[in-house]
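Me: I am new to this structure. Please take me through its salt bridges, one part at a time, and look closely at how the linked side chains sit in the chain.

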Amino acid sequence: MPRPAPLLLPAPSAAALAAVLLLTTACGSGHAGRGVDAGAAPSGARSAVTDPPVDGVRVTSVTLPPDPAPSPTRGGPGVHADPLPAGTPGSPGTPGATGVSAAYEVTNRGSVAMTYTIVFTFADAAGGAMDNRTRTVPGVGPGRTVRGTVTMGTLPPGASRVTRVKALRVTKVPASEAPAAPGVCPPSGIRVTADDGDAAMGLRVVGLRLDNCGTRAVSLDGYPDLTLLDGDREPVDGVRVLHGSGGIATVSGFDDPPRPFTLAPGRSASAALMWRNTTGSGAAVDAPHVRVRALPGAAPVTVTPHLDLGTTGKLGVSAWKPVR
């Protein structure tokens with residue numbers, strides 16, 4: 001009786017062999033460790049951060065979402081490569097796809113209570129900033145440590161993956177001179193704040209706003225009284241504060257003369273600062289803090305517009321005007 005012919009199986013493809021090797025490696029008894037840079041965290045985990053503090057502010061840990069699952073290919077049973085509907089947790093462009101958070105702590109080693117304004121940057125593996133978030137931590141007492149959490153916003157689909165978080169810039173002022181928080185009226189009844197400013201071709205303009213949040217009318221006539229301060233909150237020398245533009249640039253309304261007016265409770269007034277960041281010969285001047293007295297005898301308020309004055313040596317200020 002003749003022997004049956006042996007059953008010949010086709011040789012495994014290169015892709016099949018690669019899949020077997022990958023599966024064997026993944027199922028091994030040990031896991032290969034992967035180094036984590038300071039400030040970075042492995043995906044899907046909360047990782048401690050060892051970056052040194054920046055002026056008393058330190059990111060202590062970073063939590064990253066897990067890596068997204070690879071897109072399945074068409075043809076397999078019960079799977080397809082269509083994208084998830086918008087708004088589905090884990091789909092591109094939703095908070096679940098890009099939510100990154102960082103725990104931080106603020107330690108005041110000085111002798112007076114301070115209010116901290118911190119800019120946190122969320123960066124990708126190449127160090128590129130993907131998102132910045134600002135947090136204000138008010139009234140941190142001497143020797144005290146305050147802890148908090150900052151969360152990144154949603155990035156557009158296709159954006160680079162965030163791998164690290166760090167304190168990019170820290171500005172602190174005495175709590176007694178810090179601008180009042182939104183919705184809070186200081187005892188003086190006058191709330192003074194600065195906006196984020198505008199810049200074009202080296203020209204900088206930052207707005208000041210005065211809100212009469214008290215119960216009495218306020219009389220204004222003239223210009224804000226300004227003192228420029230350096231990073232240590234010491235007065236800056238060699239910069240002239242000019243009433244009006246002083247030839248820095250022509251901006252509509254900036255050189256309007258002051259006129260007396262009365263600001264009723266609930267009403268607001270505005271002024272503005274103008275400068276150029278041109279750098280020529282000599283040392284460039286930076287004044288991160290500006291101490292503002294809205295009117296003679298008023299309590300000072302220190303705002304932080306970060307004046308990069310270059311070597312121009314001058315800053316223009318416009319007169320107070322009622323906000324219509």
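**Salt bridges across the chain**

Reply: Start with the contacts. Among those in the protein chain between residues at least 6 apart in sequence, 69% join residues at least 24 apart. Keep in mind that this is a predicted model. The chain has two helices and 21 strands. It holds 324 residues, and 34% of them count as buried. Its exposed surface comes to about 18,900 Å², with 56% supplied by carbon and sulfur atoms.

Now the salt bridges. A search of the whole structure finds 10 of them. Among them is the network that links Arg58, Glu105 and Arg147.

Take Glu105 and Arg58 to begin with. Their side chains meet in a salt bridge, at 3.2 Å from N to O. Glu105 belongs to strand β3, which covers residues 101-107. Arg58 belongs to strand β2. The two residues are 47 apart in sequence, and the pair links distant parts of the chain.

Next comes Arg147. Its side chain also meets that of Glu105 in a salt bridge, here at 3.4 Å from N to O. Arg147 lies in strand β6, residues 145-151. Glu105 and Arg147 are 42 residues apart, and this pair too links distant parts of the chain.

How buried or exposed are the three members of the network? Take each relative accessible area in turn. Glu105 has 14%. Buried means under 20%, so Glu105 counts as buried. Arg58 has 25%, which makes it partly exposed. Arg147 has 62%. Exposed means over 50%, so Arg147 counts as exposed. The network therefore includes a buried Glu105, a partly exposed Arg58 and an exposed Arg147.

One more pair deserves a look. The side chains of Arg164 and Asp51 meet in a salt bridge, at 3.6 Å from N to O. Arg164 sits in strand β7, residues 162-174. Asp51 sits in the loop between β1 (46-48) and β2 (57-63). The two are 113 residues apart in sequence, so their salt bridge ties together parts that are far separated along the chain by that count.

To trace this in the model, begin at Glu105 in β3. Go to Arg58 in β2. Return to Glu105 and go on to Arg147 in β6. Then find Arg164 in β7 and follow its salt bridge to Asp51 in the loop.

Conventions: Residues are numbered from 1 along each chain as its sequence is written. This is a predicted model: local features need pLDDT of at least 70, side-chain atom pairs count only at pLDDT 80 or more; totals for chains, interfaces and linings use all residues. Side-chain values use heavy atoms; hydrogens and water are left out. Helices (H or I, at least four residues) and strands (E, at least two) are DSSP runs, numbered from the N terminus. Buried means under 20% relative accessible area, exposed over 50%, partly exposed in between (1.4 Å probe, protein chains only). Contact means heavy atoms within 4.5 Å. Accessible areas come from the Shrake-Rupley method with a 1.4 Å probe; for residues, only the protein chains shown count as cover. A salt bridge is a side-chain nitrogen of Lys or Arg within 4 Å of a carboxyl oxygen of Asp or Glu.
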